[in-house]
Amino acid sequence: MKGSPIGRKMLRWAAMCMALLAAPGALAQTDQRPNIILILTDDQRFDAFGALTPGLETPAMDRLLREGLHFRNAFVTTSLCSPSRASLITGMAMRNHGVVDNNSPTPENFRPFSVQLDEAGYDTAFIGKWHMGHADASPKPGFDRWVSFEGQGNYGPVDAFGRPSLFNVDGEEVPQRGYITDELTDYALDWLEDRSETPFFLYLSHKAAHLPFTPAARHRGQYAETDFPRPPSWSPDARTGPVPMWLSMQRNSWSGVDFTYYSHSPLIAFQRDYYASLSAVDDNLARILAWVEANPNGRDTIIIFTSDNGFMFGEQGLIDKRAAYESSIRVPLIVHAPARFGQGRAVEAIARNIDIAPTILDLAGLAVPDHYDGRSLLPAVSGAEGESPALVYEYFWEFNYPQTPSTFALRTDRYKYIQYHGVWDTEELFDLHADPDELVNLIGDPDHAERVRTMRAELHQALSRGDARPAIPFTTRFNQGAVFWSPDAAASVPFPPRWRRTPDAADRYEHILPDGPEKDQQLQAITPAVGRILNPGADDGEEVERE
């Protein structure tokens, strides 16, 4: 009992009660601590709301916008699942927390901010996608309740190999029974129903809308007749000024509009399924909001809604994320607590994912650790903060998705400077006030020469640790990566002929599997399933859903 989560909680509560009895008036102060629900979506663009993009149907998200604080300039410091999630839960930048890509293990000294909440007497739960340490779904420190899964998880109860999908529930493997977004919310609501007078922190981390975009059965075909306009930077001829060579070449790759996920499908088909996958998130957000309304619990319940990174749908000729362009790094960030902050307010200050942990600790009345790179957003909400800090962006090259080089950027409220590491290529500078679509690269403009020099120096200083020189880490390579290109899209691309593939090539998804003697057999097994998943609109009869 003493070593169990319940036993540890009882000991903490006993110590807290002793302290409260010794400090008159402290009990009333402690009772004011709010409940906090953090909802994280995956790959959700900053504008993936019906209120911001005509044609989308997101009534619950739109309600958050109407009633909450909308941070209109919210960004991630790394636009990639694992590093971004690690930054959110540690308040630290990637170079400091050590989760540098989706393949690296979680450092032994990794400390989520939930530990502080747990130690302060909060009931705590993590439910959903953890995705740090890749195959590790075991319970993590700072959570009394744990429901997660390995890696990316699966939308349905069966994976691409035909194996059952499994949840780790407080250390025990439990079969996934239905559509993942619904089932994770079921777990969350079951846990919430057991809350009483103790303040709680719930972290609900969705898989949606990560690739492969798989809508719930009730949402299939939802946007079949909807057309989404191409962004202004779709065409390679839209840009003026120097264009990075890596960017021109990436168009014809797994991450480009000319060979999207090595498929025959047009990009619009992926967009339609992507937005339809978010509809289940919206449905379940409505369930959370309904529970909050029906269970006031004598406290404010603050909902924080955000995403781990943005997503590109043709901007700069790209799809996916990783790049430092606006649609990749901008995310939704809404704080819903009308009684505390008022309704329908917009906050223009720059907000970063590393600011979420210190903001939650601040809301709970707890000290923000000195080693955090982020800072609480509450002063910006009240107007007490001066100039907001610039965004420092970092992304380290990954062997398995080699199209994007190591990228570092500095973004102020007006200018963005981008430099690339390890490649022979041009830098970029954009005036975001005059050029929000990032079409005009000012890097060679003599009128901006001093700005470039200054931002270069500021970026290097921000990325350095004291007197130490920044280091570029890399992880173990287990295959050649997603290196294929289509001769049908751009025959002149100067890549090795052995990397040519057509959308119907049997081995075009081989980068998903590690090299080894069993790879060919695994590839034969997985190719039909992956091909079906990456063919938007195909009927997957194996999906089981709980409506």
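**Helix packing and sheet order in a predicted model**

Q: Which residues of H3 meet which residues of H9?

A: From H3, Pro59, Ala60, Met61, Arg63 and Leu64 take part, and they meet Leu278, Val281, Asp282, Leu285, Ala286, Leu289 and Glu293 of H9. Contact here means heavy atoms within 4.5 Å. The model is predicted, with local features requiring pLDDT of at least 70 and side-chain atom pairs pLDDT 80 or more, while totals for chains, interfaces and linings use all residues. Numbering starts from 1 along each chain as its sequence is written, and side-chain values use heavy atoms, without hydrogens or water.

Q: How should the packing of two helices such as H3 and H9 be read?

A: Two packed helices are described by the angle between their axes and by the distance between those axes. Helix H3 covers residues 59-67, and its axis comes within 7 Å of that of H9, crossing at roughly 55°. H3 is therefore oblique to H9 (under 35 degrees is roughly parallel, over 145 roughly antiparallel, 65 to 115 roughly perpendicular, the rest oblique). Axes are lines fitted to C-alpha atoms, for helices over the stretch in contact, with angles of 0 to 180 degrees between N-to-C directions.

Q: What classes of residue form the contact of H3 with H9?

A: The contact of H3 with H9 contains 9 nonpolar and 3 charged residues, and no polar ones. (Ala, Val, Leu, Ile, Met, Phe, Trp, Tyr, Cys and Pro are nonpolar, Asp, Glu, Lys and Arg charged, the others, including Gly, polar.)

Q: How do the axes of H7 and H9 cross?

A: The axes of H7 and H9 cross at roughly 10° and come within 9 Å. H7 is therefore roughly parallel to H9. On the H7 side the contact is made by Thr181, Asp182, Thr185, Asp186, Leu189, Leu192 and Glu193, and on the H9 side by Ala280, Val281, Asn284, Arg287, Ile288 and Trp291. The contact of H7 with H9 divides into 6 nonpolar, 3 polar and 4 charged residues.

Q: What is the strand order of the sheet of 10 strands?

A: Strands of a sheet pair through backbone hydrogen bonds, either parallel or antiparallel. This open sheet of 10 strands follows the order S7-S6-S5-S4-S8-S1-S9-S12-S2-S13 and has mixed pairing (at least two DSSP bridges; DSSP runs numbered from the N terminus, helices H or I of at least four residues, strands E of at least two). S7 (172-175) and S13 (345-347) are the edge strands, each pairing on one side only. From one strand to the next, the twist averages 15°.

Q: In what sense do S9 and S12 pair, and which strands does H7 lie across?

A: S9 (residues 301-307) and S12 (residues 333-336) pair in the antiparallel sense over 4 bridges. Isoleucine 304 has valine 335 of S12 as its bridge partner. Helix H7 (residues 180-193) lies across S4 (123-128), S5 (145-148), S6 (166-169), S7 and S8 (200-205), and it runs at about 175° to S8.

Q: How is the sheet of 4 strands arranged?

A: This open sheet has the order S15-S16-S17-S18 with antiparallel pairing. Its edge strands, each pairing on one side only, are S15 (391-395) and S18 (428-431). The twist averages 10° from one strand to the next. S16 (residues 406-411) and S17 (residues 415-421) run antiparallel and are joined by 6 bridges; alanine 409 has isoleucine 418 of S17 as its bridge partner. Helix H14 (residues 449-463) packs on this sheet, touching S15, S16, S17 and S18, and its direction makes about 65° with that of S17.
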